[in-house]
Amino acid sequence: LSLATKGEESGEVSTRVPVITMPHGIVTDAGYALCMGGYVLATRQTSFRIMNPSRGLSFDPVGFSYILPRLGWDYNQRSSKYSGCGMLLALAGYEANCFDMVETGLATHLVSDSAALPLL
């Protein structure tokens, strides 16, 4: 599923399935697993937070230990140069707003107006 939604590019052929998700509001822990599509559109009200460290748990069973160290790799965001970016999000329990999500690679695009949802 991950290979189908994130895609693989070899030469001129792209195998990406156009799965578009648009989380609106706060997304916590395993709720982000439902948002992991080919394209994640963040609105101004979207935020992301991993709350399990504050509960005394390490990680969700949805693969955050695989996803977080690789933030930014899919679309060559600047966060791909900072390997600890995702782990800091997890361990500190930092709430990433929509701009942080796009910068780190948790979201691929920023939609300035959530009224654009019916247009999709």
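**Helix α4**

I began with α4, residues 85–92 of this predicted model, and looked up which of its residues are buried, which gave Gly86, Leu89 and Ala90. I then asked why these three can be placed on the same side of α4, and the answer is that they cover an arc of only 90° around the axis. This fits the general geometry, since an α-helix has 3.6 residues a turn, so residues three or four places apart point the same way.

Next I looked up the face of α4 that is turned away from the buried side, and I noted there the exposed residues Leu88, Leu91 and Ala92. For the buried side I asked what covers it, and I found that the cover of the buried residues includes α2, which spans 52–55. Following the chain past the helix, I recorded that Gly93, just after α4, takes a positive phi of about 70°.

**Thr43**

I turned to Thr43, which I located in the loop between β5 (39–42) and β6 (47–49). Is Thr43 buried or exposed? I entered Thr43 as buried, because its relative accessibility is 1% and the cut-off for that class is under 20%. I then looked for a polar partner of its side chain and found that of His24, the two being joined by a polar contact of 3.0 Å.

**Cysteines**

I searched the structure for disulfides and wrote down zero. I also checked the accessibility of two cysteines: Cys35 counts as buried because its relative accessibility is 10%, and Cys98 is likewise buried, with a relative accessible area of 2%.

**Whole chain**

To set these local entries in context, I looked up the secondary structure of the protein chain, which holds five helices and seven strands. Reading from the N terminus on, I noted the order of the elements as α-β-β-β-β-β-β-α-α-α-α-β.

I then asked how much of the protein chain is buried, and I recorded that buried residues make up 35% of its 120 residues. For the accessible surface of the protein chain I noted about 7,200 Å², of which 58% belongs to carbon and sulfur atoms.

My last entry concerns sequence separation: among the contacts in the protein chain with a separation of 6 or more, I found that 52% come from residues 24 or more positions apart.

Terms used. Residues are numbered from 1 along each chain as its sequence is written. This is a predicted model: local features need pLDDT of at least 70, side-chain atom pairs count only at pLDDT 80 or more; totals for chains, interfaces and linings use all residues. Side-chain values use heavy atoms; hydrogens and water are left out. Helices (H or I, at least four residues) and strands (E, at least two) are DSSP runs, numbered from the N terminus. Buried means under 20% relative accessible area, exposed over 50%, partly exposed in between (1.4 Å probe, protein chains only). A polar contact is a pair of N or O atoms within 3.5 Å; within protein, one must be able to donate a hydrogen and the other to accept it, and residues adjacent in sequence count only if both atoms are side-chain atoms. The arc is that of the directions from the helix axis to the C-beta atoms. Contact means heavy atoms within 4.5 Å. A disulfide is a pair of cysteine sulfur atoms within 2.5 Å. Accessible areas come from the Shrake-Rupley method with a 1.4 Å probe; for residues, only the protein chains shown count as cover.
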